[in-house]
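Please examine the sequence and the three-dimensional structure shown here before reading on. The paragraphs below are best followed with the coordinates open in a viewer.

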Amino acid sequence: MLFFKLFLLFSLFSFTFSHDAAFDPHLLPRPLIIQPEDIETLFEKFDDELNLHCTSWRFSVEANNLSPWKTIPEECLGYVKEYMTGRGYKLDLERVSSEAGVYAKNLELSGDGKDVWIFDIDETLLSNLPYYIEHGYGLEIFDPIEFDKWVQKGMAPAIEPSLKLYEKILDLGFKVFLLTGRNEKHRSITIENLTKAGFQRWDKLILRDSEQHGKLAVVFKSEKRSEMVEEGYRIVGNSGDQWSDLLGADPSRRSFKLPNPMYYIP
């Protein structure tokens, strides 16, 4: 951030000294006098512009308007950090949970035990923010080996608004299916982590087995939803932080996208 500010200031000096309408090679350029308050104003304008730029980028992420991306923009590191650790992220999570709860409460269940709500796990029920704090909030290229080490610790905390929604969904009588891109080898530690974080009484936990390795998430999850429909289930709700959790074949009657500006999974 400091580099960009200094670059802006240097550019201003360069522009001033090189644009004199009555340029005389025998005369020194007129000195540029900038008051401290002028510099502060320039920096504030720069900060405002950068904030708008990063807000626009995050909006495009959440609206699924960006092409597939691998890392957050370097200049938006501070913005993403402030959002993920500040009140903004928490408010957005609470909003999604609240709206999903209102929708669920107003649904009339069939009573045959076939009404299903699907939850993703990572950044939907469990937060991997402690891991991403150590890895640049998405600035680093994703390292599956390092992330697997984190998963094996079983330390991901609950996303509290999602836990409240999860419990409400169960109390209303929905079947709860957990559909995650995690590998089948992580089943035991995932169950342990979920239970420790407060999530219990789900009906199915679906992970990737060796046959699904390498499939795009949107393909894998579409196939699993199609299997549910073939078994007679009605998918009436779906919560996930990635568009690949929600799009594709046999989508839910209504889906709820949780915020996640740190990474993209196709």
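The account that follows moves from the overall composition to the cores, then to individual helices, the disulfide and several single residues.

The model is a predicted one. Its secondary structure amounts to ten helices and five strands. The protein has 266 residues, of which 42% are buried. If contacts are restricted to residues at least 6 apart in sequence, 70% of them join residues at least 24 apart.

The nonpolar interior may be taken next. In soluble globular proteins, nonpolar side chains tend to be buried together. Here the largest nonpolar core comprises 54 residues, and the members that touch the most other members are W117, F119, Y166, L178 and F199. Helix α4, spanning residues 87-105, is the element that gives the most to this core, contributing six residues. A second core, separate from that one, consists of nine residues, among them F177, F220, M228 and I235.

Y166 offers a convenient route from the core to a particular helix. When neighbours within four places in sequence are set aside, Y166 is in contact with F119, L125, V176, L178, F199, Q200, R201 and W202. Y166 is also one of the buried residues of helix α7, together with P161, S162, L163, L165, I169 and L170. Helix α7 covers residues 160-172, a total of 13 residues, and extends 19 Å from its first C-alpha to its last, close to the 18 Å expected at 1.5 Å a residue. The cover over the buried residues of α7 includes helices α4 and α8 as well as strands β1 (115-119), β2 and β4 (234-240). Just beyond this helix, G173 adopts a positive phi of about 100°.

Helix α6, residues 144-153, presents a further case of burial. Which of its residues are buried? They are F147, W150 and V151. Viewed down the axis of α6, these buried residues fall within an arc of 100°, so they line one face of the helix. The face turned away from that buried side carries I145 and K153, both exposed. Among the elements covering the buried residues of α6 are α5 (129-133), β2 (175-183) and α8 (187-197). Strand β2 and helix α8 are thus named in the cover of α6 and in that of α7.

The two ends of α6 also merit inspection. At the N-terminal end, D143 acts as a cap, with a side-chain oxygen 3.0 Å from the backbone nitrogen of I145. Just after the helix, G154 takes a positive phi of about 60°.

Attention now turns to the covalent cross-link. A disulfide is a covalent bond between the sulfur atoms of two cysteines. The structure holds one disulfide, which joins C54 to C76 with an S to S distance of 2.1 Å. C54 belongs to helix α2 (residues 36-62) and C76 to the loop between α2 and α3 (77-85), so the bond ties together parts that are 22 residues apart in sequence. The torsion about the S-S bond is about -95°, so this disulfide is left-handed. How buried or exposed are its two cysteines? C54 is buried, with a relative accessible area of 1%, and C76 is likewise counted as buried, at 0% relative accessibility.

Three single residues complete the tour. D245 is located in helix α10, residues 243-246. Its relative accessibility is 5%, so D245 counts as buried. Apart from residues up to four places away in sequence, D245 touches D120, K221, R225, N238 and G240.

E227 lies in helix α9 and, at 37% relative accessibility, is classed as partly exposed. The C-alpha atom of E227 is separated by 9.3 Å from that of D250, 23 residues apart along the chain.

S210 occupies the loop between β3 (204-208) and α9 (217-230). Its relative accessibility of 65% exceeds the 50% cut-off, so S210 counts as exposed. Between the C-alpha atoms of S210 and K185 the separation is 9.4 Å, with the two residues 25 apart along the chain.

Note on methods:
Residues numbered from 1 in each chain as written. Predicted model: local features only at pLDDT ≥ 70, side-chain atom pairs only at ≥ 80, totals over all residues. Heavy atoms only, no water. Buried < 20%, exposed > 50% of the residue type's maximum accessible area, 1.4 Å probe, protein only. Helix = DSSP H or I, 4+ residues; strand = E, 2+ residues; numbered from the N terminus. Arc of directions from axis to C-beta. Contact = heavy atoms within 4.5 Å. Polar contact = N/O pair within 3.5 Å; in protein donor to acceptor, adjacent residues only side chain to side chain. Core = buried A, V, L, I, M, F, W, Y, C linked by side-chain atoms within 4.5 Å. Disulfide = S-S within 2.5 Å. Expected span 1.5 Å × (residues − 1).
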